[in-house]
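The following exchange examines how several structural terms are justified, setting each value against the rule behind the term.

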Amino acid sequence: MQGASLSGGSSSDDSLKEGEKELSMHMHNLDLDLHTNMQKEGEKVDTNSSNQEVVIDFHTHLLPKHWPDFAARYGYGGFVSLDHEQSKVEKPGNARMMKDNQFFREIEPNCWDLETRLEEMNRDGIDVQVVCTVPVMFNYWAKADDTADMCRILNNDMAREIKRFPKRFIGLGTLPMQAPELAIGELTRCVKELKFPGVQIGSHINEWNLDAPELLPFWEAAEELGACVFIHPWDMKVTRRDRKYWMPWLVGMPAETCHAVVCVLMGGILEKFPRLKICFAHGAGAFPFTIGRIEHGYNCRPDLCATDSKQNPRQFLGQFYTDSIVHDPKSMELLVDVIGEDKVVFGTDYPFPLGEVTGSAKGVYPGKAIDDTPSLSQDVRTKIFGKNALEFLGLPLEQFICC
C-alpha cells in the first residue's frame, strides 16, 4: 500500500511510478529557485539568487507517533488511539488507528515521522510544510477540560517536533472549541508560547455553526492576537444514502466547507472582525461555483439571508483565503478568479490520498492542477506556491532561506 491511507484509499506501484514521472517533468518546468537545493538533513542551501522563493505546502496533517490512552486517562471511550503492533499491519512500519479497540484505519510513517516527510518533501520540491492535526482528533464532543488537556498534548508534541527543523515546518495548533474560554487560553498559548502563527479548527463545533454567538469571543481574540485560523471540514453526517461512492468525502466535504463559508460571511464575522485572518480548506469547497446563487439569495430574500450582515456576501471576497486543492484546471481557474490571485495558497492534504499527493492516482503530484492551468501567469503561480502563504501567516521569507 503506497502513501498514507487514513481516508481509506490506496495506490499501486504503477501509480506511484507514473506520479514520480509526472513529478520529474513538473520539477523541470517549475521555475522556482529552491526546488533543487534541498539537503537530506532537512536544510536548504543558498542559491545566491536575489529573487529566492519558497514552495510552501499550506495544508498537511501530522500526528504524534505516540500519545496517551485517552480512554484510560479520562475514564470514558470514543477516542482514537494508535497501535504500532507490527504483526497486525498490512505494511511494515505502518500503524493502526483504533477507536474503542475497533480498527479504524491504517496509516504510514509519513503521518508522524519528520525524516520520512523530509525525504518526500525533497522528492516533491516542497520547501516548507504547514502542519496541523487530523480532524478526527478535534474531539469537540468530549468533556471540555479533557479536550483542552488533549490539545495541550498534541500542540506540545507538534512544537517539539517542528523545532527540530524550523526552516521546514510551521505548526498550526488545535483547540477545545466547545469551550470558547478554554479555546482562547490555548490559542494564546499557541501563539505566545509555542510560537505558532495560528490554529486549525473544524467547520462547525458540535451544534454551533461558525457564526454562533458563543464563538464571538474566540473570533475577537484571534483578531487581537493576529492569529491565522485554518478552517477544515469535518464530521459530515452520514445517512444510508451516503454509504456508497465515498460520498461524505467527495460530496459532503465540499458542501460542509461551503456551509462554513456562508456562515462566516452571512453571519457577519468578517464584518465584526475585519482584520481576521481566515483560510478555508479544499478551495472553499462548493463556494466558488455557488457564489452567484448565494448572492442572489441574499438579494431576493433579505428577510432570510440579510439578518446578521449588512454586506452582500460577494463584498467579502478578498478578505479570506483558500487553499488550492481542487484537482482540476477549470476549477483552479475559477477559484483564482473568484477568491483572488493574492488569496489562494498552495496545499496538498499530504499525506492522504484524496489530496494532491504523489502516486495517489495516476499522474498526480503536488501542484499538478496549478501546472495544468495555462491561464495562470508565472507571477500568479509564484504567489500561490509560496508568497500568499507567507503573507497569510505573517512570516518573513528569510526565515526559510539559509544565508
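Q: At what angle do the axes of helix H4 and H5 cross, and within what distance do they come?

A: In this predicted model, the axes of helix H4 (residues 144-163) and H5 cross at roughly 10 degrees and come within 10 Å.

Q: What makes H4 and H5 roughly parallel or roughly antiparallel to each other?

A: Angles under 35 degrees count as roughly parallel, and those over 145 as roughly antiparallel. The crossing is at roughly 10 degrees, and H4 and H5 are therefore roughly parallel. On the H4 side the contact is made by Ala144, Asp145, Ala148, Cys151, Arg152, Asn155 and Asn156, and on the H5 side by Leu182, Glu186, Arg189 and Cys190.

Q: Why is H5 called roughly parallel to H6?

A: Helix H5 (residues 180-192) packs against helix H6 (residues 216-225) at an angle of about 15 degrees, with 10 Å between the axes. Because angles under 35 degrees count as roughly parallel, H5 is roughly parallel to H6. Their crossing is right-handed. Ile184, Leu187, Thr188, Val191 and Lys192 of H5 meet Pro217, Phe218, Ala221, Ala222 and Leu225 of H6.

Q: Why is H7 described as oblique to H9?

A: The axes of H7 and helix H9 (residues 287-300) cross at roughly 40 degrees and come within 11 Å. The angle of roughly 40 degrees is outside the range under 35 degrees that counts as roughly parallel, and outside the 65 to 115 that counts as roughly perpendicular, so H7 is oblique to H9. H7 passes H9 in a right-handed crossing. Cys258, Val261, Val262, Leu265 and Met266 of H7 make the contact with Phe287, Thr290, Ile294 and Tyr298 of H9.

Q: What makes the pair Glu108 and Lys91 a salt bridge?

A: The rule asks for a side-chain nitrogen of Lys or Arg within 4 Å of a carboxyl oxygen of Asp or Glu. For Glu108 and Lys91 the N to O distance is 3.4 Å, so the pair meets the rule. Glu108 lies in the loop between strand E4 (102-107) and helix H3 (114-124), and Lys91 in the loop between strand E2 (80-83) and strand E3 (95-99), so the pair ties together parts 17 residues apart in sequence. By this rule the count is 20 salt bridges.

Q: What is notable about the phi of Asp100?

A: Most residues other than glycine have a negative phi. Asp100 is not a glycine, yet has a positive phi of about 50 degrees. Asp100 is placed in the loop between E3 and E4.

Q: How do you know whether the peptide bond from Tyr350 to Pro351 is cis or trans?

A: Omega is near 5 degrees, and the bond is cis. Most peptide bonds are trans. Pro351 lies in the loop between strand E11 (344-345) and helix H12 (368-371).

Definitions and conventions: Residues numbered from 1 in each chain as written. Predicted model: local features only at pLDDT ≥ 70, side-chain atom pairs only at ≥ 80, totals over all residues. Heavy atoms only, no water. Axes fitted to C-alpha atoms, helices over the stretch in contact; angles between N-to-C directions. Helix = DSSP H or I, 4+ residues; strand = E, 2+ residues; numbered from the N terminus. Left-handed = near helix turned anticlockwise from the far one by under 90°. Contact = heavy atoms within 4.5 Å.
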